[in-house]
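Work through the exercises below with the model open. Try each task before reading its solution.

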Amino acid sequence: SQFVPDPGAYGNFLVTCRNKRKSQEAVQLWNDIVRGGLDVSSLINVSLLGVCSQTPSDTNKDEVFLCVQSILRQSEAVGVVPSRNGVGAILHLYMKMKHLDSVMVFFTECQQKHWPLSYSAVVELLEMCALEGRVEYSLSVASAMANDKQLVKNEHFQMIIKNGALTDEQMENVKSLQRQMVALREEGVGQRS
């Protein structure tokens, strides 16, 4: 008979993966945990932090991406809301992968599900939108976060809001972007079932 560690032991392994930035090991561990049918309620956030701890290489990018999706599906299944740090880790990971569209889709999902967002992740996202010259992205992030007391004090954020007058064309882009995101999300949900 096979020895199965309890969730606490897996939690300790995952903390080690996070601290040593061994995201590949964290991915394998998570897959083992799910295959073993273990109770994952206490492992959602530590798994996210472990899996997202390292910038994926081109060879394992897809695997890491799928693993994050798997953790989020499980978190919904067991009714655990990802923590602010867990959600922040995903945003940081997507930003490291330099894929702004995925980041924005995930950001929108966080808004819709009322998942908490870490300050540092949002500031980094605003900077990434600015670097890529995506004014409409910057504004949709800024307007979504307008009630965040800490963010409102951020200079970059204030500048976006102050210069926030969008042309009609940019406004149209924002609306079409939001429609695309909803469509993308519904498509994603469809693929899961």
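**Exercise 1. After a helix**

Which residue just after α7 takes a positive phi?

Solution. This is a predicted model. Go to the end of α7 and read on. Gly-133 takes a positive phi there, of about 65 degrees. Now repeat the step for α5. Just after α5, Lys-98 takes a positive phi of about 60 degrees.

**Exercise 2. The overall fold**

State how many helices and strands the protein has, then describe its burial and contacts.

Solution. Start with the elements. There are 10 helices and 0 strands. The pattern along the sequence is therefore α-α-α-α-α-α-α-α-α-α, with helices and strands taken as DSSP runs.

Next, take burial. The protein has 193 residues, and 40% of them are buried. Its exposed surface is about 10,700 Å², with carbon and sulfur atoms supplying 51%.

Last, take contacts. Count those with a separation of 6 or more. Residues 24 or more positions apart account for 70% of them.

**Exercise 3. Two helices side by side**

Describe the span, buried residues and packing of α5 and of α7.

Solution. Take α5 first. Helix α5 covers residues 84–96, which is 13 residues. From first C-alpha to last it reaches 18 Å, close to the 18 Å expected at 1.5 Å a residue. Its buried residues include Gly-86, Gly-88, Ile-90 and Tyr-94. The buried residues of α5 pack against α3, α4, α6 and α7.

Now α7. Helix α7 has 13 residues and reaches 18 Å from first C-alpha to last, close to the 18 Å expected. The buried residues here are Ala-121, Val-122, Val-123, Leu-125, Leu-126, Met-128 and Cys-129. The elements covering them include α5, α6, α8 and α9.

To read such a list, recall the helix repeat. An α-helix has 3.6 residues a turn, so residues three or four places apart point the same way.

**Exercise 4. Into the core**

Find which residues touch the most other members of the largest nonpolar core, then follow Leu-125.

Solution. The largest nonpolar core holds 52 residues. Val-68, Phe-106 and Leu-125 touch the most other members. Leu-125 is one of the buried residues of α7. Leave out residues up to four places away in sequence. Leu-125 then touches Met-95, Leu-100, Val-103, Met-104, Phe-107 and Val-141. Of these partners, Met-95 is a buried residue of α5.

**Exercise 5. Buried or partly exposed?**

Classify Ser-23, Asn-60 and Tyr-119 by accessible area, and list what each one meets.

Solution. Ser-23 sits in helix α2. Its relative accessible area is 1%, under the 20% cut-off, so Ser-23 is buried. The Ser-23 side chain makes a polar contact with the side chain of Gln-54, at 3.0 Å. Beyond its neighbours within four places in sequence, Ser-23 is in contact with Gly-50, Val-51, Ser-53 and Gln-54.

Asn-60 lies in the loop between α3 and α4. Asn-60 is buried because its relative accessible area is 11%. The Asn-60 side chain reaches the backbone nitrogen of Ser-57 at 2.8 Å.

Tyr-119 belongs to helix α7. Its relative accessible area is 29%, so Tyr-119 is partly exposed. Outside four places in sequence, Tyr-119 is in contact with Gln-150, Leu-151 and Asn-154. Finally, compare sequence and space. Tyr-119 and Arg-84 are 35 residues apart in sequence and 9.0 Å apart in space, C-alpha to C-alpha.

Conventions:
Residues are numbered from 1 along each chain as its sequence is written. This is a predicted model: local features need pLDDT of at least 70, side-chain atom pairs count only at pLDDT 80 or more; totals for chains, interfaces and linings use all residues. Side-chain values use heavy atoms; hydrogens and water are left out. A nonpolar core is a set of buried Ala, Val, Leu, Ile, Met, Phe, Trp, Tyr and Cys residues joined through side-chain atoms within 4.5 Å. Buried means under 20% relative accessible area, exposed over 50%, partly exposed in between (1.4 Å probe, protein chains only). Contact means heavy atoms within 4.5 Å. Helices (H or I, at least four residues) and strands (E, at least two) are DSSP runs, numbered from the N terminus. A polar contact is a pair of N or O atoms within 3.5 Å; within protein, one must be able to donate a hydrogen and the other to accept it, and residues adjacent in sequence count only if both atoms are side-chain atoms. Accessible areas come from the Shrake-Rupley method with a 1.4 Å probe; for residues, only the protein chains shown count as cover. The expected span of a helix is 1.5 Å times one less than its number of residues.
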